[in-house]
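Reader: Hello! Could you take me closely through one part of this model, a helix and its surroundings?

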Amino acid sequence: MLTGRFQHAFLMASEIHARQLRKGGTIPYVAHVMSVAALALEHGGGEDAAISGLLHDAVEDSEDGAATEARIRAEFGAHVADTVLGCSDAVGVPGQPKPPWRERKEAYIARLAGHGDSDVLLVSACDKLHNARSIVADLRADGPAMWSRFSVSDPGRQLWYYESLARCYPGRVPAPLSDEVTRTVAQIRELSGVS
């Protein structure tokens with residue numbers, strides 16, 4: 001059962017993401033974190049995994065990621081904070097841009113490949129599944145032009161990232177989840193026309 005901790009996490013996620021929209025669209029960003037939390041619960045995660053799903057982007061999307069991490073640690077405990085960090089490819093630093101895209105993604109893949117925490121793997125897989133489903137929907141609606149919404153608009157580079165992640169999950173998250181990530185990423189390749 002979910003407790004008041006989950007409601008509190010939803011309020012924090014709403015506060016952090018309130019003015020954000022999904023890439024190039026009109027969908028409030030909070031819909032994404034709600035979906036990740038729901039997927040985590042649907043695939044056997046407990047309350048900590050669901051809370052981590054709500055907050056998985058909080059550290060990298062906050063102006064001051066270290067302060068946000070400290071707040072999460074204080075309000076939700078070390079396990080949730082460590083899960084959120086495990087699902088983050090950067091920590092927001094006031095006044096500084098994130099490191100280059102490829103550098104962040106390579107480090108994230110390497111870290112995830114060696115990670116043993118089941119909640120980090122579960123929340124990561126749920127995050128990537130929801131992102132991949134959104135990409136598929138956008139490709140169906142708008143075609144390849146949708147890639148222009150991304151900071152890295154080369155579909156080949158995006159596919160490298162998602163296919164690399166999809167290989168991290170089998171045998172480490174529930175099979176229906178890893179299978180769905182693999183199938184959805186394959187749909188991205190098919191719809192993108194990348195050989």
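Author: Happy to; here is a walk along helix H1, followed by a look at a helix pair.

This is a predicted model, in which local features need pLDDT of at least 70 and side-chain atom pairs count only at pLDDT 80 or more, while totals for chains, interfaces and linings use all residues. Residues are numbered from 1 along each chain as its sequence is written, and side-chain values use heavy atoms, leaving out hydrogens and water.

Helix H1 covers residues 4-17; helices here are DSSP runs of H or I with at least four residues, numbered from the N terminus. At 1.5 Å a residue (times one less than the number of residues), its 14 residues should span 20 Å, and this agrees with the 20 Å between its end C-alpha atoms.

Buried in H1 (under 20% relative accessible area, 1.4 Å probe, protein chains only) are Phe-6, Ala-9, Met-12, Ala-13, Ile-16 and His-17. These residues lie on the same side of H1, because they cover an arc of only 120° around the axis, taken from the directions from the helix axis to the C-beta atoms. Gln-7 and Leu-11 are exposed (over 50%) on the face turned away from that buried side. The cover over the buried residues includes helices H2 (30-42), H3 (47-55), H4 (58-61) and H5 (65-76).

One of these, H3, also meets helix H6 (residues 78-86): their axes, lines fitted to C-alpha atoms over the stretch in contact, come within 9 Å and cross at roughly 45°. The contact (heavy atoms within 4.5 Å) is made by Asp-48, Ile-51, Ser-52 and Leu-55 of H3 with His-79, Val-80, Thr-83 and Val-84 of H6.

Terms used. Helices (H or I, at least four residues) and strands (E, at least two) are DSSP runs, numbered from the N terminus. Axes are lines fitted to C-alpha atoms, for helices over the stretch in contact, and angles run from 0 to 180 degrees between N-to-C directions.
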